[in-house]
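Hi,

Here is the structure I promised to pass on. Have a look first, and then read what I found in it.

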Amino acid sequence: MAQERAPDGDHEALILDSVRRFLERDVKPHVHRLEHDDVYPEEIVEKMKALGLFGATIAADYGGLGLSTTTYARIVELVSTVWMSLSGIFNSHLIMAAAVERFGTEEQKRRFLPRFAAGELRGGLALTEPDCGTDLQAIRTVARREGEHYRINGTKTWISNGIYGQCFALLVKTDPGAQPRHRGMSLFLAEKGPGFAVSRKLEKLGYKGIDSAELVFSDYLVPADRLIGGAEGGGLKHALGGLELGRINVAARGVGVAQAALDEAVRYSQIRHTFGKPICEHQAIALKLGEMATKVRAARLLVEDAARIYDRGERCDMEAGMAKLFATEAAIDCSLESMRIHGGYGYSKEFTVERLYRDAPLLVIGEGTNEMQRLIIARQLIQRNPV
Ligand SMILES: Cc1cc2nc3c(=O)[nH]c(=O)nc-3n(C[C@H](O)[C@H](O)[C@H](O)COP(=O)(O)OP(=O)(O)OC[C@H]3O[C@@H](n4cnc5c(N)ncnc54)[C@H](O)[C@@H]3O)c2cc1C
């Protein structure tokens, strides 16, 4: 469950305004080149640091902006209407920070959160392995206690920020034989050093610019005081606790991508003419626009609803799951429909809609696949309505 956060009021309007200005001035003119060359946007990252985005949800006591999830989700949506990849650079970083803030010791919070908030130490979440993603309790990375350290061996894959990040919330088994399996799992803060290697960069369909990597741990020694919370056995809870926030964020990305696809379609359908009139006046196209706009609005309302519940500190796995499921499917549907409205140009790399179409499918996979969201929603439905 989240800590209670009040809505941000006027402060929110100011922050959203500076994010809009940053996107217009520092991001929009460069997206096309950075995305097609698959280049990590270092200069933009520096500006994101200055804006405070790496500390957006970290409490002010630890140097962050202390924003509510509701405001944060709006930021993620705005960023994703311009370039979804950018949201990944601070999003998984903030999930790592949330795990420390919610479950870490005071010493860990004081040591790490101010550096996370400043963007001086950046990273993400290292959970997935080559043999398992959804079934996280099957991980094979093992940490064995040796005096004041743990010795870690194993491989993680698909880790966002894996190359340019320096610190990761690393999920391991501290007791591989434990039953139930989650009792043997722990989460560490692992900074790069001897024994911690990036073995390769992974090539992707979309979500370019942000680095996705495979990480290999070979006799990597981590000090025992980097075990989040200070006690073994809570790792799965600590990792999945942050994922509720992660789901709201992925849902907000879905709204951003769907909105961008709709905006492109609304614009293009007014300037493209066939049979003597703009294509938006053909009923077949108008029906698509109506459907897309409704999905975007419904998705946004679901995200706001889940974020408000999260901010009240209440359990929201069902609502976050619904928002994630609906908004990310909306992103897929809207990007495809927008591409169709663009005709042949939709298939061209010169048009934005082509990128939206390649970015959207990631959203149905990350932070728990949409198949799993349906199961989570159904499970909660039964639990909340026992006969
Ligand atoms: C670009 C990108 C970035 C990523 N970033 C990160 C990151 O930063 N950190 C990180 O740890 N991971 C990251 N991931 C990994 C991502 O979280 C996993 O890919 C995701 O959790 C799914 O796991 P999997 O790929 O192993 O699929 P699997 O778990 O093998 O699932 C395969 C299929 O089976 C379905 N399935 C599995 N179990 C069930 C079930 N019980 N019931 C019904 N259906 C089921 C799934 O829904 C899916 O359709 C990233 C992935 C990508 C592509």
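First, some vocabulary: helices (H or I, at least four residues) and strands (E, at least two) are DSSP runs, numbered from the N terminus. By that count, the protein has ten helices and nine strands. Its radius of gyration (taken over C-alpha atoms) is 21 Å, close to the 21 Å from the globule rule (2.2 Å times the number of residues to the power 0.38) for 387 residues, so the protein is as compact as a globular protein of that length.

Keep in mind that this is a predicted model: local features need pLDDT of at least 70, side-chain atom pairs count only at pLDDT 80 or more, and totals for chains, interfaces and linings use all residues. Residues are numbered from 1 along each chain as its sequence is written.

The C-alpha trace spans about 80 × 55 × 45 Å along its principal axes. Of the 387 residues, 51% are buried (20 or more other C-beta atoms within 10 Å of a residue's own, with C-beta atoms placed from the backbone). Now take contacts (C-beta atoms, placed from the backbone, within 7 Å). Among those with a separation of 6 or more, 75% join residues 24 or more positions apart.

One helix pair to look at: the axes (lines fitted to C-alpha atoms over the stretch in contact) of H1 (residues 10-37) and H3 (residues 69-82) come within 9 Å and cross at roughly 20°. That makes H1 roughly parallel to H3 (angles under 35 degrees, between N-to-C directions). Residues in this contact include Leu16 and Leu23 of H1, and Ile75 and Leu78 of H3.

Cheers

Conventions. A residue is buried if 20 or more other C-beta atoms lie within 10 Å of its own, exposed if 12 or fewer, and partly exposed in between; C-beta atoms are placed from the backbone. Two residues are in contact if their C-beta atoms, placed from the backbone, lie within 7 Å. Axes are lines fitted to C-alpha atoms, for helices over the stretch in contact, and angles run from 0 to 180 degrees between N-to-C directions. Angles under 35 degrees count as roughly parallel, over 145 as roughly antiparallel, 65 to 115 as roughly perpendicular and the rest as oblique.
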